Amino acid sequence: MGILSLSRTRYLHQTPHARSSHLAGATSMNNTTVQPPDTHLPRPPITPTPPPLSLLALPTLIRSYLISAISAAPILLTPSLWILSLLAHSKSPFLQVEHNRLLHYIVKKTIYAQFCAGETPSEVKRTATELRKTGYQGIVLNYAKELVLDKGAPIEQKRRDEAKDIEDWKHGLLKTVKLVVHGDCAALKFSGAGPSVVQRLIEKLPPTAAVSQATKEVCDYAKNTGIKLLWDAEQNAVQPGIDQWTLDLQREYNRDGVAVVYGTYQAYAISTPQLLAQHLAIAHREGFTLGVKLVRGAYMRSDPRRLFWATKAETDRVHDRIAEALIRKEWNETLSPIEEKDGQKPAFPRVSLVLATHNHESVRKAIAIRQEQRQTGQELIDLSYAQLMGMADDLGTELILAGKSSSGVTQAKTELSRTFKYTAWGSVRECLTYLLRRAEENKGSLGRTRIGRLALGKELRRRLLSRF
């Protein structure tokens, strides 16, 4: 069975150590201290042959290597981030990519091509086709337009046509879901609807009739065409409002055992285990499927530091323990029930999970649990994997080849093949904020970026030497 030949051992976990006393923020999330190996779960090596990165087209491989080389070198990444931030926020026509054709060309052919699907429907469809040819199940497509708040600053109230903002946003959402096909996913943001909607999110008010009608049209279309809607997490100021709006949509659309709408849960946030436990309890009580997209998080540089776990190791532990609880449909010390009756833990609701991670260990642990469940005849939840386009290609292609090599293990083969690439579409200008966040993520994970660069370099050398 190759990489899926795992022990039948039941995975037991000791009580986690108490959080360290420097939780108040003295230690950076980018702490690279290596923890002792976690021996609780078997870790099947994901080492299929031929080399996973052999699936990448040569131009993509070269571009990926060059961008990862910049990302792995602080002396190059820091000025690159400064330039990208300048382009994203500049008021000068000379520095605005929509007015400067040379600047537009340079950005589009480099960092935009690495992380984004295209500016037009035809470009997006071409990118999706190329990803499917590589072996991915499909794409998670995000319309890049969003409204970003300055850290600690109140939203700027502009006298704009609120109805036009919402109509433009709805048009963008519908274009996005119509660009993907049955089995694909669309990633959506509420902030793109404009300042008035963001203000309602901040104040935790219900959506306006216009916003409700817009989301209904999008959700109805997705349900009728077999598309999953992943509502993205955003900055902390608006996230509680997003959580409530998304949960209300799940109540309506995640019926009959099928999840159409997913909320995003960020493991680096201290509040996430309790929030997710609350949502699980609501889903169980009201009888709908909870759609969960689990991520580590992407807004550290724009949100208050006190909201996050003190170290990256803590975030990794919380992420993996939440993932395990969801996959097993069992409460644990990290994801513990909010309500208990007569000392009994409440049952888990039906759950659909998108494990959106670039971490090899997290994926290995998930695969190990699933294989144990298959061997013991346990019920399996709906599970997919996702990585950002332009990042973690070594992991994504390993999953693809592992799925192809799982001959005779139909269920395992199908699951490993359910790997998606998350990508944004929109004009180069609209995508600049998204691109800046991707670059900042690379700065915050230099260790992982170096590993990716080494893998890409090894594949480039292999192809070069194979010609001689």
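**Exercise 1. Is Asp232 buried or exposed? Decide, then describe its salt bridge.**

Solution.
- The model is predicted.
- Asp232 has a relative accessible area of 4%.
- Buried means under 20%, so Asp232 is buried.
- Now find the partner. The side chain of Asp232 meets that of Lys293 in a salt bridge, at 2.7 Å from N to O.
- This pair links distant parts of the chain, 61 residues apart. Asp232 sits in the loop between strand E4 (228-231) and helix H8 (239-253), and Lys293 sits in strand E6 (residues 290-295).
- Check the other end. Lys293 has 6% relative accessibility, so Lys293 counts as buried too.

**Exercise 2. Which parts does the salt bridge between Arg251 and Glu286 tie together?**

Solution.
- Start with the distance. The closest N and O atoms of Arg251 and Glu286 are 2.6 Å apart.
- Place the residues. Arg251 belongs to helix H8 and Glu286 to helix H9 (residues 272-286), so the salt bridge ties together parts that are 35 residues apart in sequence.
- Add the exposure. Arg251 is partly exposed at 24% relative accessible area. Glu286 is partly exposed as well, at 30% relative accessibility.

**Exercise 3. Where do Arg364 and Glu361 lie, and how are they separated?**

Solution.
- Arg364 and Glu361 form a salt bridge, with 3.4 Å between the closest N and O atoms.
- Both residues are in helix H11 (residues 360-375). They are three residues apart, so about one helical turn separates them.
- Compare the two ends. Arg364 is buried at 14% relative accessibility, whereas Glu361 is partly exposed at 29%.
- Salt bridges can also share partners. One network joins Arg296, Lys312, Asp316, Asp320 and Lys365 in this way.
- For the overall tally, the count comes to 26 salt bridges.

**Exercise 4. Why is strand E9 (residues 419-425) largely enclosed by the rest of the structure? Then list its pairings.**

Solution.
- Count the buried residues. Seven of the seven residues of E9 are buried, so the strand is largely enclosed.
- Split them by direction. Thr419, Lys421, Thr423 and Trp425 point one way, while Phe420, Tyr422 and Ala424 point the other way.
- That fits the general pattern: in a regular strand, side chains alternate between the two faces of the sheet.
- Now tabulate the neighbours.

| Strand | Bridges to E9 | Direction | A bridge pair |
|---|---|---|---|
| E1 (residues 116-118) | two | parallel | Cys116 with Ala424 |
| E2 (residues 138-143) | six | parallel | Asn142 with Ala424 |
| E8 (residues 382-388) | four | parallel | Gln387 with Lys421 |

- Read the last column. Ala424 stands opposite Cys116 and is also the bridge partner of Asn142.

**Exercise 5. How many disulfides does the structure hold? Test Cys431.**

Solution.
- The structure holds zero disulfides.
- For Cys431, the closest cysteine sulfur is in Cys116, 3.9 Å away. The cut-off is 2.5 Å, so the two sulfurs are too far apart for a bond.
- Cys431 is buried at 0% relative accessibility. Cys219 is buried too, also at 0%.

**Exercise 6. What does the side chain of Asn100 contact?**

Solution.
- Locate the residue. Asn100 lies in the loop between helix H2 (74-89) and helix H3 (101-115).
- Asn100 is buried, with 14% relative accessibility.
- A polar atom of the Asn100 side chain lies 3.0 Å from the backbone nitrogen of Leu103.
- Leaving out residues up to four places away in sequence, Asn100 touches Pro93 and Phe94.

Notes:
Residues are numbered from 1 along each chain as its sequence is written. This is a predicted model: local features need pLDDT of at least 70, side-chain atom pairs count only at pLDDT 80 or more; totals for chains, interfaces and linings use all residues. Side-chain values use heavy atoms; hydrogens and water are left out. Buried means under 20% relative accessible area, exposed over 50%, partly exposed in between (1.4 Å probe, protein chains only). Two strands pair if DSSP finds at least two bridges between them. A polar contact is a pair of N or O atoms within 3.5 Å; within protein, one must be able to donate a hydrogen and the other to accept it, and residues adjacent in sequence count only if both atoms are side-chain atoms. Contact means heavy atoms within 4.5 Å. A salt bridge is a side-chain nitrogen of Lys or Arg within 4 Å of a carboxyl oxygen of Asp or Glu.
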